[in-house]
Each structure stands twice: as structure tokens, then as C-alpha cells.
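Reader: Please pick one part of this model for a close look, and then set it beside a few local details elsewhere in the chain. Give the cut-off for each term where it comes up.

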Amino acid sequence: MHRQGLYACRNSISTFSELENHYDRLLQSCSSLSTLKQIHSSLTTSGFIRQSPHLGAKFIAKYSKHDHPEIARSLFDEIRSGHHSFLWNTMLRAYTNGAHFTKTLELYFLMQRTGVRPNNYTFPFVLKSCACESLPVQGKMVHGEVIRTGFDTDTYVEAALVDMYAKCGLINEGRRVFDKMFKRDLVCWTAMITAYEQAERAKDALVLLQKMQQEGLSIDSVAVVSVSSAVGQLGDSKMAESVHAYAICNALLLHDVCAENAIIGMYAKCADVRKARLVFDCMEERDGISWNSMLSAYTQNGLASEALLLFDQMQASGCKPNPVTALIMVSACAYLGSREHGRRIHNLIINSKIKLELALRNAIMDMYAKCGDLDTAVEMFNDSRPSERDVSSWNVLISGYGTHGFGKEALEIFSQMMNYGVRPDHITFTSVLSACSHSGLINEGKKCFSDMPKFSVVPEAKHYACMVDLLGRAGLLYEAYDLIKQMPSQPNDGVWGALLLACTIHKNTKLGEIAANNLFQLDPGHPGYYVLMSNLYAASSKWQEVGKLRGDMKSRGLRKIAAFSVIEFGKEVHGFHTADQMNPYWREVHRKVEGLANEMKMVGYVPDRSCVLHDVEDEDKEHILNNHSEKLAVALGLIKIERGTDIYVTKNLRVCNDCHSAFKFISRICGRKIIIRDANRFHHFQGGLCSCKDYCLRTSLDKALVKMISSPMYLSFLQLCLQVPKNQFGQGVGEDDIFAYVPQFFAVVKLWDEAGPLAYTSLPYLELMES
């Protein structure tokens, strides 16, 4: 019926122009693909479509909008004739707008071979395709054709050239084109500013903005996006406020979601989350990018809990999460170390049928590793084919093993990675060196560091920081200091911080002062460095120096970061500060801690009062130790979490030596596995031992005692007292085996010194320490 109506209309219209106008109106009102095909069929049958390039171009554009470029191309091949560029440009535009950039370039080269002369409408589409595919060689060839055909002075072609060079990373070439332009409109200025911004040359972008304003041009909503991003890169909050104020005063944010999203991103990068949220809340209309920008603002600034709350609001609003949303939320869960939320987000990704791209898969693996579920991360890695992995996939697994204390396994994965032909990058070496540091693999770490140039990876400050940490933890403080002095660039706070931490562990005040003085100059507003140095002085009973440092902190308005530990069970999340009495279960928790302390003492636990860096009585020190936030969290886990389920606690600071020793005893007494994620690493406590094999706590004194403990007399004594089978402490006993028994050894030696060994061989607690 519809086709008969078309024929009737065609018969009643006499002139060519009237017929063309009639079909033009039909195409404008056509909204469905089926109707479009009917009209197309009618014009093909009549042969009229071959006579009207205008209608042919309309059909090509319509098919492209319906995402059918193959039909558009078939029509183009059918009706193109002669050497007119109009239809060619239409098809080039269709391909480019549909992101079929390779097809655009193929058609352009066919156009050249056919002898059709390109014009100023042709080149912007071709140059955009070169830019989007990052093809500088082809882009330069097109530039040569632009010059040859005389269109190198066309404003839009010049702007496209600037954009092409910028996106291909050739900023200087783009700037040369820009500087030669006779007439530069706002589009050209914006293209060059955007080029600098995308190349992360924010200062150059803002200098060019100033020149543009001096020539009397004002930025529009498109330029606001690039300028906001540049200001965000600089992290200048005052400048961010100026850009925001200018955009408001000039009505650039009215009904422009893109500009508002850019302002949110700018404030986020300037760490001003409050203003970012204010802009977000004032938006009349939000798209997926708006939600993602605000979620990212929270996540980037360490407010992962707020990101989870906002994500729930996003779902309630009806806005569906996309792969970018998923990536942000997975990162938030990894930051929190929340297993429950991590699993929920992973299930949502699966149920929403969000495509598991490589970057998202790697992020989920990383999340599980950082949430203490290394087994699931390893399972995901093993379930993927080698072709589905990139260097980041391997890095995630190496880092996961390293932070969980499995340094040898991390090195095995590194070896497998190279066997598969995957070339390590700077992140790989950071992960490997960190794994060696956590596990005390000194020789392996040194070899890895020396091998970096073989893979064309230049050691950066973070690699030196890992090496200083590796050497420092091993007690090789002066070797670590010599390495710092040999650095080709100035050491940053990460390098000096690693040395200061090592000095604190090994109680080396002299080197500690050198490290601390450098840190106070590099980052005088960081309270952690003052606390570490204060702790070092306190451990050496230098209370006067402690008082001076605490006075400096007070005068600078700095406060020590409060210890905070979090435990999850079911849908409940509980946080504890030191000596916390705000938790609803605090009475039960404190009773549990006191009971555990008594039980542990019965089996040889001796509180490490040196962890209390205050000049108070011993009894007060034990009370302080019992109220550490991680002990309170573990106690709640023992009360609320059923047997057979791991107790998982996250702490914002490093676990102290006393809590580390206590959790070993608790894991043995209660028969529970306890996983602690602290600021540096994971500790898996099970059966009286820790996955770190106490390496993180070893001091120079520990290492000096190895020889003594390894002597036949002491080994025989340990075997007798601990009821360990003879073959376990036989010839060739390893250092790690001995260190696993250091706490028990100290407890027994203390008794031996008082009354002799034979008096204690039958104590009931010794049976609990059997390997």
C-alpha cells in the first residue's frame, strides 16, 4: 500500500525539482528502517535515485544513522559516477561518524585512485580518522595532499591538522601548523589548547588560553572542558574556582552536561570533593558520565565508602552502570579491602551482562587480591587463556603474591611471564622488588634490580624505594643509605620514608635522623614522618627529643593518624579505634580481649611492652596493648563469626609487634585463621604461625640470635621443650624454620634462665606449641 501511494504521488508530480523535494520531505519524516527501505526500493525501481545525488546522499546518511554502513556503501557503489566529490564526502562522513575509521581511509585512497579530487570537506574526515587510529605516517601523507591541493589555508582543515598531530603525539608539529594560520577562530584555539591538555602539558594549555583571551576571544562550553581538565592536572583549587565562576557568569553550564561533568572532574583532581558534589547535586540533568565522574571523585580521594553509597543512589535513579562504572566501583572495593562489597559488585557485573574487557578483568583480580582472597584472583588468572592476558594481568598476580608474603611464588610467576614472551614494564619490577622486600629475598631482589636495564626499564624513584626497603628490613641500613647517595636523581619522600621505617625497626637513631630531616624538608605537612621519628626516639628512651617532635607537630597543626580497624561479617561492618567504647558490642569485646590475654599468658605469651611508646608504668602498657584496634576487631570476629570462616580485619596502619605475636597465639589457641591487612601487606595467621614468617618483625638482634639458636645445644633444648620431632630440627635447619619459633623460644628461655630447662619440659602449654 505504501509503495502504491509512492507511485501515485510520483505520477501526480511533474517536474524533477518537485519530485526531489517530495522525496526529500518523505526522508525527513522517515524514522524506521523498514520505511526507509520501502522508499529506497521505490526510487531504485524508477531509476530516479541515480539521477539525484542529493537524494542518494540523504539515503547514505539515513542508513548510517540506523547503523547500517554496509547498505549505505552498497548504495554508494551503485550510484557514484563521474568525478564529483559530493557523494564521496557523504560516504566518508558516514564512515567517520560511525567510528569506522579504517573504512574512511580505505575509501579516501580509493577516491585518489579513481581520480576524484578531494576538497576542504574531504580532509577533516580523513584527518580525524588518522587521529582516532593514531596513524601519524598516514596523517603526514594527507597533510602533503592538503598542501598540494591548496587547502592548507582553510580554517577547518587547519584545525583538523592540529587535532590530528596532537592525538598522534606530535604536539610540536601541530603547534607549527597553528602558528602559521592566517586566521584563527575559536575552533582552532580550542583544538590547540585541547592538544596540550591531552598531552598533559597543562601549563602550556593555560598560557595559550591567556593568549587567546588577549586576542579578544572568549572560551565557550567546549573550551571549558579542556581548560577544566588542564586545571585539574595542575591540582590548583583556586584556579579551579576561577574557571567555575567564569563558566557560571557566562552561562556556559546552562543545559550543558559535558561542561558540568568537566567541572566535577576538575574539582575531583584538585581534591575538593565537597565542591564537586555541590556541582553534581545542582545538575538539572545527569548522564552516565556525571555519575561516573562523581564516583571517581570519591574513589580518587580515598572516600570509597561514599562512592558505594552514591552507587546505590545511581542504581535507584535508574541510570544503568557501564564498564567504566564497574571499573570505578571495583577500585573502590579494592581500596576498602571489602570482600562483601567486592563480591556484590562482581555479581552485579555478571548479572548486568557488562562485557568483561581485559582492563576490568585485571581490576577484579586486583580487587580480590587486595581483599585478602588471593585464591579467587589466582583462579581468575588461571581460567583465562594466555591470549587474554596482558602485562597488567601478570603484574596483578605478582603483586598479589608479594603483598600476601609469598615472595618465592611471585618470582615463579615472574619467570613464567618471561617464558610466555611478555615483556615486563616498570610496574612489573616494582611488584617483584616489593615481593622480595616482604619476603626477605635479598639476593633475588638485587639481581632483579640489576637486570632492569636488560629490559629497557630505567630504575625510577619507586624502584629505589623498594630496594631501600629490601635492604633496610634486612638490617643492611648503610648499604641502603649508600644506594640512596648513588641515585641519579634526587631521592623523593618514598625513598627516605623507606629508610626511616627501616631505622625504626632496627633502632638506628643516627641514620633515622638523616632520613627524617630530609623528609621534613620534602613534605613538612606529613604527620607520619614525625610519628616514626618520635617512635624511634621513644624506643631509645630519648623522651626529651620525643617531646620536641610532638611540640613541632602541635605548632604545625599536625595530628597523628588514629589507628582504625574494620571487620565485616554478613552485611555488618564494624570499625574500632584504639580503646573504642562506641561500638555496640564493646563490653563483650573487651571481656573477650581480657580473657584471651590470660589464655595466651598461660601458654607463653609475653606482652611486648616496647610497642607502647609512652613513658608509663608496665601495667598501663599492657592495658594499652590490649586495647589496640586490631585486637578489638579480631575479638569481635571470634564472638560473631562462626568456626570454619576466616576472620578478616583491615587496619589503616602497620600492625605492631605485640599484636602480631598475639594473633599467632590466638590462631593456635582458638583454631581459627586470621587475616590482617595492614598499611603494608597481608598477614595470614594460622596454627600459631604467620605467612610472613615473622620477617616483617625481625631486627638486627633477631638475626644475631640465629647463630645462637642454631647451635646444637639450643636446638636440642627447643626440641625437648617444644616436643618437636627430631627430624624437624635436624641437620640443615633453615633460618625461616628457626624464626617461626623465635617468640616461643624467648618465652622458654626466660623460664630456663630462672629455674633450668628440665623443670618446664612437662608444662601443658608446651604441647600447644608442637609444630
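**The sheet and its surroundings**

Author: The protein chain exposes about 37,000 Å², of which carbon and sulfur atoms supply 52%; accessible areas come from the Shrake-Rupley method with a 1.4 Å probe, and for residues only the protein chains shown count as cover. The model is predicted, so local features need pLDDT of at least 70 and side-chain atom pairs count only at pLDDT 80 or more, whereas totals for chains, interfaces and linings use all residues. Residues are numbered from 1 along each chain as its sequence is written, and side-chain values use heavy atoms, without hydrogens or water.

The protein chain has 771 residues, and 50% of them count as buried (under 20% relative accessible area; exposed is over 50%, partly exposed lies in between, with a 1.4 Å probe and protein chains only). Its secondary structure comes to 43 helices and 6 strands, taken as DSSP runs (H or I over at least four residues for helices, E over at least two for strands) and numbered from the N terminus. Of the contacts in the chain with a separation of 6 or more, 63% join residues 24 or more positions apart; contact means heavy atoms within 4.5 Å.

The part chosen is the sheet. Its 6 strands form an open sheet in the order β2-β1-β3-β4-β5-β6, with mixed pairing; two strands pair if DSSP finds at least two bridges between them. At the edges are β2 (572-577) and β6 (689-690), each of which pairs on one side only. In general, strands of a sheet pair through backbone hydrogen bonds, either parallel or antiparallel.

On the β2 side, β1 and β2 are antiparallel over 6 bridges, and F564 has H577 in β2 as its bridge partner. These two strands make a hairpin with 2 residues between them, and G570 in the turn has a positive phi of about 65°. On the β6 side, β5 (residues 682-686) and β6 pair in the antiparallel sense over 2 bridges. There F685 stands opposite C690 of β6.

Helix α37 (residues 629-640) lies across β1 (564-569), β2, β3 (647-651) and β4 (674-677), and runs at about 15° to β1. Such angles run from 0 to 180 degrees between N-to-C directions, with axes as lines fitted to C-alpha atoms, for helices over the stretch in contact.

Away from the sheet, α22 (residues 339-351) has 13 residues and reaches 18 Å from its first C-alpha to its last, close to the 18 Å expected at 1.5 Å a residue; the expected span is 1.5 Å times one less than the number of residues. R339, G342, I345, H346, L348 and I349 are buried in α22. An α-helix has 3.6 residues a turn, so residues three or four places apart point the same way. At the N-terminal end, S338 is the cap, with a side-chain oxygen 3.2 Å from the backbone nitrogen of H341. This is a polar contact, a pair of N or O atoms within 3.5 Å; within protein, one must be able to donate a hydrogen and the other to accept it, and residues adjacent in sequence count only if both atoms are side-chain atoms.

After α22 comes K353, with a positive phi near 55°. K353 is in the loop between α22 and α23 (358-370) and is exposed, at a relative accessible area of 74%.
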